[in-house]
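Q: I'm new to this one. Can you walk me through the rings and the helix packing?

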Amino acid sequence: MWSNQSGLDSFRLFPSNDDDTKPQLGFSSLDDSPQIPSPLPPPCIEVLPSQVSSSVKPTLESVNLDGLTLLKGRVSTHDVFALSNSDLVPGKYEGGLKLWEGSLDLVKTLRSEVESNNLSLAGMKVLELGCGHGLPGIYSCLQGASAVHFQDFNSEVLQCLTIPNVVANLPVKSQSPGADSEVRFFAGDWSEVHRILPNLQTDNRDSNPSLGYDIILMAETVYSISTLPALYELIKKCMSRPHGVVYMAAKKYYFGVGGGSRRFISLVEKDGVMVASLIAEVGGGSSNVREVWKLQFK
(Lines give C-alpha, C1' and ligand atoms only; values in the text may rest on other atoms or scores of the structure.)
Protein backbone atom coordinates (compact mmCIF):
# COMPACT_ATOMS: atom_id res chain seq x y z
CA MET A 1 0.00 0.00 0.00
CA TRP A 2 1.34 3.40 -0.92
CA SER A 3 1.15 6.37 1.38
CA ASN A 4 -0.56 9.59 0.35
CA GLN A 5 1.71 11.91 -1.64
CA SER A 6 2.54 15.15 0.12
CA GLY A 7 1.21 18.17 -1.70
CA LEU A 8 -1.53 16.20 -3.41
CA ASP A 9 -4.98 17.05 -2.10
CA SER A 10 -7.76 14.55 -1.77
CA PHE A 11 -11.05 15.31 -3.45
CA ARG A 12 -12.69 18.23 -1.66
CA LEU A 13 -15.77 20.36 -2.11
CA PHE A 14 -14.06 23.52 -0.93
CA PRO A 15 -11.66 25.68 -2.93
CA SER A 16 -7.97 26.19 -2.32
CA ASN A 17 -5.79 29.09 -3.37
CA ASP A 18 -2.91 26.95 -4.66
CA ASP A 19 -2.38 27.15 -8.43
CA ASP A 20 -2.05 23.38 -8.78
CA THR A 21 -4.81 22.29 -6.44
CA LYS A 22 -7.57 20.10 -7.71
CA PRO A 23 -10.61 21.91 -9.16
CA GLN A 24 -13.53 21.61 -6.82
CA LEU A 25 -17.01 20.42 -7.66
CA GLY A 26 -19.17 22.73 -5.60
CA PHE A 27 -22.59 21.19 -6.11
CA SER A 28 -24.68 18.56 -4.40
CA SER A 29 -25.08 14.93 -5.37
CA LEU A 30 -26.05 14.41 -8.98
CA ASP A 31 -28.60 11.86 -7.83
CA ASP A 32 -30.61 14.55 -6.05
CA SER A 33 -29.90 17.78 -7.90
CA PRO A 34 -32.15 19.19 -10.62
CA GLN A 35 -30.66 18.38 -13.99
CA ILE A 36 -29.35 21.45 -15.76
CA PRO A 37 -28.97 21.15 -19.53
CA SER A 38 -25.29 20.67 -20.38
CA PRO A 39 -23.62 23.08 -22.79
CA LEU A 40 -22.63 21.77 -26.18
CA PRO A 41 -19.25 20.02 -25.96
CA PRO A 42 -16.28 21.39 -27.88
CA PRO A 43 -15.60 19.88 -31.31
CA CYS A 44 -13.55 16.70 -31.52
CA ILE A 45 -10.19 17.46 -33.09
CA GLU A 46 -6.67 16.14 -33.33
CA VAL A 47 -4.19 18.56 -31.77
CA LEU A 48 -0.79 18.58 -33.44
CA PRO A 49 2.42 19.05 -31.47
CA SER A 50 3.07 22.16 -33.57
CA GLN A 51 -0.10 23.67 -32.05
CA VAL A 52 1.41 23.85 -28.57
CA SER A 53 0.49 27.11 -26.86
CA SER A 54 2.86 29.99 -27.48
CA SER A 55 1.26 32.24 -24.85
CA VAL A 56 1.07 29.90 -21.82
CA LYS A 57 4.36 28.35 -20.76
CA PRO A 58 4.26 25.72 -18.01
CA THR A 59 6.74 25.76 -15.16
CA LEU A 60 8.36 22.32 -15.08
CA GLU A 61 8.67 20.41 -11.81
CA SER A 62 9.95 16.92 -11.07
CA VAL A 63 7.73 14.21 -9.59
CA ASN A 64 9.45 11.34 -7.78
CA LEU A 65 7.50 8.10 -7.91
CA ASP A 66 9.44 5.76 -5.65
CA GLY A 67 12.64 6.24 -7.61
CA LEU A 68 11.11 6.99 -11.01
CA THR A 69 11.35 10.70 -11.80
CA LEU A 70 9.05 12.33 -14.35
CA LEU A 71 8.59 15.99 -15.25
CA LYS A 72 5.25 17.75 -15.12
CA GLY A 73 4.20 21.31 -15.88
CA ARG A 74 2.33 23.75 -13.69
CA VAL A 75 -0.05 26.23 -15.32
CA SER A 76 -2.86 28.36 -13.97
CA THR A 77 -6.50 27.80 -14.88
CA HIS A 78 -6.82 31.58 -14.91
CA ASP A 79 -4.16 31.90 -17.61
CA VAL A 80 -5.64 29.12 -19.76
CA PHE A 81 -9.40 29.40 -19.19
CA ALA A 82 -9.81 32.73 -17.36
CA LEU A 83 -11.20 30.76 -14.40
CA SER A 84 -10.22 30.86 -10.76
CA ASN A 85 -7.91 28.05 -9.73
CA SER A 86 -10.64 26.21 -7.83
CA ASP A 87 -13.13 26.07 -10.69
CA LEU A 88 -14.35 23.06 -12.63
CA VAL A 89 -17.06 23.98 -15.10
CA PRO A 90 -18.87 20.93 -16.55
CA GLY A 91 -18.95 21.13 -20.33
CA LYS A 92 -16.25 23.83 -20.43
CA TYR A 93 -13.33 22.75 -18.27
CA GLU A 94 -13.04 19.27 -16.75
CA GLY A 95 -10.04 19.66 -14.46
CA GLY A 96 -7.26 18.60 -16.83
CA LEU A 97 -4.73 21.12 -15.51
CA LYS A 98 -4.68 19.50 -12.08
CA LEU A 99 -2.21 16.74 -11.25
CA TRP A 100 -4.77 14.30 -9.86
CA GLU A 101 -3.34 11.88 -7.32
CA GLY A 102 -4.91 8.94 -9.15
CA SER A 103 -2.57 9.51 -12.10
CA LEU A 104 0.40 8.89 -9.81
CA ASP A 105 -1.30 5.81 -8.40
CA LEU A 106 -1.75 4.58 -11.94
CA VAL A 107 1.91 5.10 -12.90
CA LYS A 108 2.98 3.22 -9.77
CA THR A 109 0.59 0.38 -10.55
CA LEU A 110 1.80 0.09 -14.13
CA ARG A 111 5.39 0.03 -12.94
CA SER A 112 4.56 -2.67 -10.39
CA GLU A 113 2.75 -4.71 -13.02
CA VAL A 114 5.72 -4.43 -15.41
CA GLU A 115 8.27 -5.34 -12.74
CA SER A 116 6.24 -8.37 -11.64
CA ASN A 117 5.88 -9.51 -15.28
CA ASN A 118 2.10 -9.13 -15.22
CA LEU A 119 2.24 -6.51 -17.97
CA SER A 120 4.43 -5.62 -20.91
CA LEU A 121 3.98 -2.23 -22.54
CA ALA A 122 6.61 -2.87 -25.23
CA GLY A 123 5.01 -2.76 -28.66
CA MET A 124 1.55 -2.03 -27.27
CA LYS A 125 -0.99 0.49 -28.61
CA VAL A 126 -2.05 2.63 -25.65
CA LEU A 127 -4.87 5.16 -25.20
CA GLU A 128 -4.96 7.46 -22.17
CA LEU A 129 -8.44 8.88 -21.63
CA GLY A 130 -8.88 12.15 -19.72
CA CYS A 131 -5.11 12.43 -19.79
CA GLY A 132 -4.44 15.88 -18.30
CA HIS A 133 -0.70 15.79 -17.52
CA GLY A 134 -0.41 12.48 -19.33
CA LEU A 135 2.07 10.84 -16.95
CA PRO A 136 0.71 7.27 -17.34
CA GLY A 137 0.90 7.63 -21.12
CA ILE A 138 4.40 9.08 -20.86
CA TYR A 139 5.46 6.11 -18.74
CA SER A 140 4.05 3.83 -21.46
CA CYS A 141 6.26 5.57 -24.01
CA LEU A 142 9.30 5.07 -21.80
CA GLN A 143 8.44 1.37 -21.64
CA GLY A 144 8.49 1.05 -25.42
CA ALA A 145 4.81 1.26 -26.40
CA SER A 146 4.49 1.38 -30.18
CA ALA A 147 1.76 4.05 -30.04
CA VAL A 148 0.43 6.25 -27.26
CA HIS A 149 -2.59 8.43 -27.94
CA PHE A 150 -3.58 11.06 -25.40
CA GLN A 151 -7.19 12.25 -25.10
CA ASP A 152 -8.58 15.11 -23.04
CA PHE A 153 -11.88 16.98 -23.09
CA ASN A 154 -10.13 20.31 -23.64
CA SER A 155 -7.78 21.03 -26.52
CA GLU A 156 -6.32 23.82 -24.37
CA VAL A 157 -5.11 21.25 -21.83
CA LEU A 158 -3.31 19.35 -24.58
CA GLN A 159 -1.77 22.52 -26.01
CA CYS A 160 -0.72 24.10 -22.72
CA LEU A 161 0.18 21.08 -20.61
CA THR A 162 0.10 17.58 -22.11
CA ILE A 163 2.26 18.27 -25.17
CA PRO A 164 4.87 20.24 -23.17
CA ASN A 165 4.99 17.38 -20.62
CA VAL A 166 5.53 14.81 -23.38
CA VAL A 167 8.28 16.93 -24.95
CA ALA A 168 9.97 17.42 -21.57
CA ASN A 169 9.98 13.72 -20.76
CA LEU A 170 10.59 12.34 -24.25
CA PRO A 171 13.16 14.50 -26.04
CA VAL A 172 12.99 13.99 -29.81
CA LYS A 173 16.61 12.88 -30.05
CA SER A 174 16.45 10.64 -27.00
CA GLN A 175 17.80 7.14 -27.34
CA SER A 176 15.13 5.82 -24.99
CA PRO A 177 12.52 3.31 -26.27
CA GLY A 178 9.84 6.00 -26.01
CA ALA A 179 11.51 8.02 -28.74
CA ASP A 180 10.11 5.55 -31.27
CA SER A 181 6.51 5.67 -30.02
CA GLU A 182 3.81 7.15 -32.25
CA VAL A 183 2.46 9.93 -30.06
CA ARG A 184 -0.77 11.75 -30.97
CA PHE A 185 -3.23 14.00 -29.17
CA PHE A 186 -7.03 14.17 -29.44
CA ALA A 187 -9.56 16.51 -27.83
CA GLY A 188 -13.28 15.97 -27.46
CA ASP A 189 -16.20 14.60 -25.50
CA TRP A 190 -16.33 10.87 -24.73
CA SER A 191 -19.62 10.49 -26.58
CA GLU A 192 -18.08 11.67 -29.86
CA VAL A 193 -14.28 11.37 -29.78
CA HIS A 194 -14.29 7.77 -31.04
CA ARG A 195 -15.09 9.21 -34.48
CA ILE A 196 -11.56 10.61 -34.81
CA LEU A 197 -9.50 8.11 -32.82
CA PRO A 198 -7.35 5.73 -34.88
CA ASN A 199 -7.10 1.99 -34.31
CA LEU A 200 -10.76 1.48 -33.46
CA GLN A 201 -12.83 -1.64 -33.76
CA THR A 202 -15.18 -2.31 -36.66
CA ASP A 203 -18.59 -3.94 -36.31
CA ASN A 204 -16.94 -7.27 -37.11
CA ARG A 205 -14.59 -7.00 -34.16
CA ASP A 206 -13.15 -10.49 -34.24
CA SER A 207 -12.12 -10.39 -37.90
CA ASN A 208 -9.21 -7.99 -37.45
CA PRO A 209 -7.37 -8.34 -34.12
CA SER A 210 -4.95 -5.56 -35.08
CA LEU A 211 -7.71 -2.98 -34.56
CA GLY A 212 -8.33 -1.29 -31.26
CA TYR A 213 -6.05 -0.33 -28.39
CA ASP A 214 -4.23 -2.99 -26.42
CA ILE A 215 -4.24 -0.93 -23.22
CA ILE A 216 -6.54 1.89 -22.09
CA LEU A 217 -5.44 4.05 -19.17
CA MET A 218 -7.57 6.45 -17.16
CA ALA A 219 -7.18 8.21 -13.82
CA GLU A 220 -9.94 10.00 -11.88
CA THR A 221 -12.32 9.98 -14.83
CA VAL A 222 -15.36 8.52 -13.02
CA TYR A 223 -16.34 11.35 -10.67
CA SER A 224 -19.46 12.38 -12.61
CA ILE A 225 -22.41 9.99 -12.75
CA SER A 226 -23.77 11.57 -15.91
CA THR A 227 -20.65 10.74 -17.97
CA LEU A 228 -20.16 7.14 -16.87
CA PRO A 229 -22.30 5.50 -19.62
CA ALA A 230 -20.50 7.44 -22.38
CA LEU A 231 -17.11 6.60 -20.91
CA TYR A 232 -17.94 2.90 -20.69
CA GLU A 233 -19.29 2.78 -24.24
CA LEU A 234 -16.15 4.52 -25.49
CA ILE A 235 -13.97 1.92 -23.76
CA LYS A 236 -15.86 -0.91 -25.47
CA LYS A 237 -15.43 0.79 -28.85
CA CYS A 238 -11.72 1.35 -28.31
CA MET A 239 -10.48 -1.88 -26.72
CA SER A 240 -8.93 -4.56 -28.87
CA ARG A 241 -10.55 -7.96 -28.58
CA PRO A 242 -10.15 -10.37 -26.96
CA HIS A 243 -6.97 -9.35 -25.15
CA GLY A 244 -7.46 -5.61 -24.50
CA VAL A 245 -7.15 -4.34 -20.94
CA VAL A 246 -8.14 -1.22 -19.01
CA TYR A 247 -6.24 0.15 -16.02
CA MET A 248 -8.40 2.60 -14.06
CA ALA A 249 -7.34 4.64 -11.02
CA ALA A 250 -10.05 6.47 -9.06
CA LYS A 251 -11.41 7.21 -5.64
CA LYS A 252 -13.85 4.68 -4.28
CA TYR A 253 -16.44 7.45 -3.85
CA TYR A 254 -16.51 11.13 -4.77
CA PHE A 255 -18.59 12.50 -1.95
CA GLY A 256 -20.95 15.27 -3.00
CA VAL A 257 -21.04 14.33 -6.68
CA GLY A 258 -22.08 10.68 -6.54
CA GLY A 259 -19.48 9.09 -8.79
CA GLY A 260 -16.59 6.81 -7.97
CA SER A 261 -14.86 3.58 -8.89
CA ARG A 262 -17.56 1.41 -7.31
CA ARG A 263 -20.32 3.18 -9.23
CA PHE A 264 -18.43 2.60 -12.47
CA ILE A 265 -17.64 -1.04 -11.66
CA SER A 266 -21.33 -1.59 -10.92
CA LEU A 267 -22.11 -0.37 -14.44
CA VAL A 268 -19.50 -2.73 -15.89
CA GLU A 269 -20.79 -5.72 -13.94
CA LYS A 270 -24.38 -5.04 -14.91
CA ASP A 271 -23.41 -5.02 -18.60
CA GLY A 272 -21.74 -8.39 -18.17
CA VAL A 273 -19.21 -8.33 -21.02
CA MET A 274 -16.14 -7.48 -18.91
CA VAL A 275 -14.62 -8.75 -15.72
CA ALA A 276 -13.11 -6.29 -13.21
CA SER A 277 -10.45 -6.99 -10.60
CA LEU A 278 -9.12 -4.71 -7.86
CA ILE A 279 -5.31 -4.69 -8.03
CA ALA A 280 -4.31 -1.84 -5.69
CA GLU A 281 -5.78 0.13 -2.82
CA VAL A 282 -4.20 3.38 -1.69
CA GLY A 283 -4.69 5.67 1.29
CA GLY A 284 -6.39 5.26 4.61
CA GLY A 285 -9.87 5.85 5.94
CA SER A 286 -13.10 4.81 4.24
CA SER A 287 -13.77 8.40 3.13
CA ASN A 288 -10.56 8.66 1.11
CA VAL A 289 -9.80 5.24 -0.35
CA ARG A 290 -8.21 5.30 -3.78
CA GLU A 291 -8.26 2.21 -5.97
CA VAL A 292 -6.75 0.85 -9.17
CA TRP A 293 -8.86 -1.62 -11.17
CA LYS A 294 -8.11 -3.83 -14.12
CA LEU A 295 -10.87 -4.54 -16.68
CA GLN A 296 -10.83 -7.20 -19.40
CA PHE A 297 -13.30 -8.82 -21.75
CA LYS A 298 -14.68 -12.13 -20.52
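A: Sure, starting with the rings. Trp100, Tyr223 and Tyr254 are linked into a cluster by ring pairs. Rings of Phe, Tyr and Trp (its six-membered ring) pair if their centres lie within 6.5 Å.

Q: What kind of model is this, and how are residues numbered?
A: This is a predicted model: local features need pLDDT of at least 70, side-chain atom pairs count only at pLDDT 80 or more, and totals for chains, interfaces and linings use all residues. Residues are numbered from 1 along each chain as its sequence is written, and side-chain values use heavy atoms, with hydrogens and water left out.

Q: How many aromatic pairs are there in the whole structure?
A: A search finds 6. In one of the pairs, Phe81 and Tyr93 have ring centres 4.6 Å apart and planes at 35°, so the pair is tilted. Planes under 30 degrees apart count as stacked, over 60 as edge-to-face and the rest as tilted.

Q: Where in the chain are Phe81 and Tyr93?
A: Phe81 is in helix H1 (residues 77–81). Tyr93 is in the loop between H1 and helix H2 (101–115), 12 residues apart from Phe81. Helices here are DSSP runs (H or I, at least four residues), numbered from the N terminus.

Q: Are Phe81 and Tyr93 buried or exposed?
A: Both are buried. Buried means under 20% relative accessible area, exposed over 50%, partly exposed in between (1.4 Å probe, protein chains only).

Q: And what about Tyr253 and Phe255?
A: Their ring centres are 6.0 Å apart and the planes are at 50°, so that pair is tilted. Tyr253 is partly exposed at 41% relative accessible area. Phe255 is partly exposed too, at 46%.

Q: Switching to helices. At what angle do H5 and H6 pack?
A: H5 (residues 228–238) and H6 (residues 261–271) pack at about 55°, with axes 10 Å apart. That makes H5 oblique to H6. Under 35 degrees counts as roughly parallel, over 145 as roughly antiparallel, 65 to 115 as roughly perpendicular and the rest as oblique.

Q: Which residues make that contact?
A: From H5, they include Leu228, Tyr232 and Ile235. From H6, they include Phe264 and Leu267. Contact means heavy atoms within 4.5 Å.

Q: How do H2 and H3 cross?
A: The axes of H2 and H3 (residues 135–142) come within 8 Å and cross at roughly 25°. H2 and H3 are therefore roughly parallel to each other.

Q: Which residues of H3 meet H2?
A: Leu135, Pro136 and Tyr139. On the H2 side, Leu106 and Val107 are among them.

Notes. Axes fitted to C-alpha atoms, helices over the stretch in contact; angles between N-to-C directions. Helix = DSSP H or I, 4+ residues; strand = E, 2+ residues; numbered from the N terminus.
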